[in-house]
Amino acid sequence: MKIAIVGATGKVGSKFIEVLQERNIFASEYYLYASSKSAGKKIKIFNKEYTIIELKEENIRDKKIDYALFSAGGEISKKFAPIFKEIGSIVIDNSSAWRRDSNVPLVVPEVNPEDILWHNNIISNPNCSTIQAVLPLKALDDKFKIKRIVFSTYQAVSGAGQKGYEDLERGINGEKPKKFVYPIFSNVIPQIDDFLDNGYTKEEEKMMFETKKILHRQDLLITATTVRVPVFDCHSESINIEFRKPFEIEEIVKTLSNFKNIVVLDNIKNNLYPMPINCVNKDEVFVGRIRRDFSVSNGINLWVVADNIRKGAATNAVQILEKILEYKKMGKL
């Protein structure tokens with residue numbers, strides 16, 4: 001098995017390498033691709049040193065690569081993913097390039113692993129804010145049938161890449177921002193990505209579209225407000241859900257607790273609830289502040305936190321790879 005990592009020196013690419021090693025995914029060869037300015041640098045994987053290769057077509061076509069993990073931006077994915085596909089690689093792409101393509105599965109392994117089975121050599125990794133939301137949503141939709149969702153997100157600067165991280169550091173040091181429109185230190189910015197004509201941002205529209213696609217629920221009523229906050233890592237989300245079926249809070253808690261990779265932290269007597277500071281570098285999705293919404297017949301509020309670089313990007317992609325390998329072993333692929 002040969003694995004390529006495209007964008008190997010970036011935040012998510014580096015995390016790909018970390019997670020692959022943690023989960024003991026061995027390959028006979030790793031090909032690490034990045035821009036020309038990173039070419040020639042060395043990175044160790046399983047104690048073997050690999051040299052960064054410049055990402056260009058002639059450096060791809062002569063390799064027999066089985067799987068390619070991409071995190072290098074949408075334009076790079078649009079240009080290079082088809083080349084990997086042509087040489088027979090299965091591409092797992094972390095950008096927004098293929099998420100809206102009806103011929104490309106959008107996968108969160110705990111939620112819709114079966115969609116991997118109809119891949120056409122490209123599988124899309126969802127938006128980080130969507131990934132952590134759909135785990136509790138899937139658990140609850142299966143049992144209580146969701147009617148309407150209201151997302152309010154509080155997203156870390158690492159979601160904007162290394163430049164977002166640096167902008168918060170600049171603000172702490174009293175310097176002007178370079179990535180964000182306004183200073184992020186001691187501030188919240190109610191804009192993530194560009195605005196659309198309808199008044200929503202692209203990030204908000206992504207969450208609404210991707211949730212429906214992943215859950216196979218085009219009938220869902222969804223609205224969203226996404227906000228950048230002065231936190232380095234981990235996205236937080238307030239999710240308001242209205243169900244078609246009645247429920248008891250104890251049932252909600254039990255359903256969430258029994259779902260794979262959800263950790264319920266919800267003990268208000270002891271001030272126990274998920275916070276970014278406790279979720280860094282974790283692969284689970286943490287849920288708390290579970291309470292009834294008394295303004296509607298069958299509504300609840302959840303507070304959901306996860307590491308956006310790990311679960312929201314790298315780990316989810318590696319889990320997709322693990323599921324592909326599992327399906328191949330079972331003879332399903």
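**A tour of helix packing and one pocket**

Select first helix α3 (residues 128-144) together with helix α6 (residues 249-257): the two pack at an angle of about 125 degrees, and their axes lie 9 Å apart. That angle makes α3 oblique to α6. The crossing of these helices is right-handed. To see where they touch, display P136, A139, L140, K143 and F144 on α3, then E251, I252, T255 and L256 on α6. By class, the residues of this contact comprise 6 nonpolar, 1 polar and 2 charged. Please note that the model on the screen is a predicted one.

**Second stop: α3 with α8**

Keep α3 selected and add α8. How far apart are the axes of α3 and α8, and at what angle do the helices pack? The axes are 8 Å apart and the angle is about 85 degrees. An angle from 65 to 115 degrees counts as roughly perpendicular, and α3 and α8 are therefore roughly perpendicular to each other. The residues to show on α3 are C128, I131 and L135, which meet K311, G312, A313 and N316 in α8. This contact of α3 with α8 contains 4 nonpolar, 2 polar and 1 charged residues.

**Third stop: α1 with α8**

Leave helix α8 (residues 310-330) in view and select helix α1 (residues 11-22); the axes of this pair come within 9 Å and cross at roughly 50 degrees. The helices α1 and α8 are therefore oblique to each other. As α1 passes α8, the crossing is right-handed. On α1, the residues to display are V12, K15, F16, E18, V19, L20 and E22, and their partners on α8 are R310, A313, A314, T315, A317, V318 and L321. The contact of α1 with α8 divides into 9 nonpolar, 1 polar and 4 charged residues. One residue to highlight is A313 of α8, which takes part in the contact with α1 and also in the contact with α3.

**Last stop: a pocket**

Finally, turn from the helix pairs to the second largest pocket, whose volume is about 170 Å³. Which residues line the second largest pocket? Select R23, P109, E110, P113, K260, N261, Q319, E322, K323 and E326 to display its lining. Of these lining residues, 2 are nonpolar, 2 are polar and 6 are charged. Colouring the selection by residue class will bring out this division of the lining.

Notes: Residues are numbered from 1 along each chain as its sequence is written. This is a predicted model: local features need pLDDT of at least 70, side-chain atom pairs count only at pLDDT 80 or more; totals for chains, interfaces and linings use all residues. Side-chain values use heavy atoms; hydrogens and water are left out. Axes are lines fitted to C-alpha atoms, for helices over the stretch in contact, and angles run from 0 to 180 degrees between N-to-C directions. Helices (H or I, at least four residues) and strands (E, at least two) are DSSP runs, numbered from the N terminus. Angles under 35 degrees count as roughly parallel, over 145 as roughly antiparallel, 65 to 115 as roughly perpendicular and the rest as oblique. A crossing is left-handed if the near helix is turned anticlockwise from the far one by less than a right angle, and right-handed if clockwise. Contact means heavy atoms within 4.5 Å. Ala, Val, Leu, Ile, Met, Phe, Trp, Tyr, Cys and Pro count as nonpolar, Asp, Glu, Lys and Arg as charged, and the others, Gly among them, as polar. On a 1 Å grid over the protein atoms alone, a cavity is a set of points where a 1.4 Å probe fits but cannot get out, and a pocket is an open set with protein on both sides within 12 Å along at least five of seven lines; lining residues have an atom within 4 Å of a point. Grid points are joined across faces, edges and corners, and a volume is the space filled by probe spheres set on the points.
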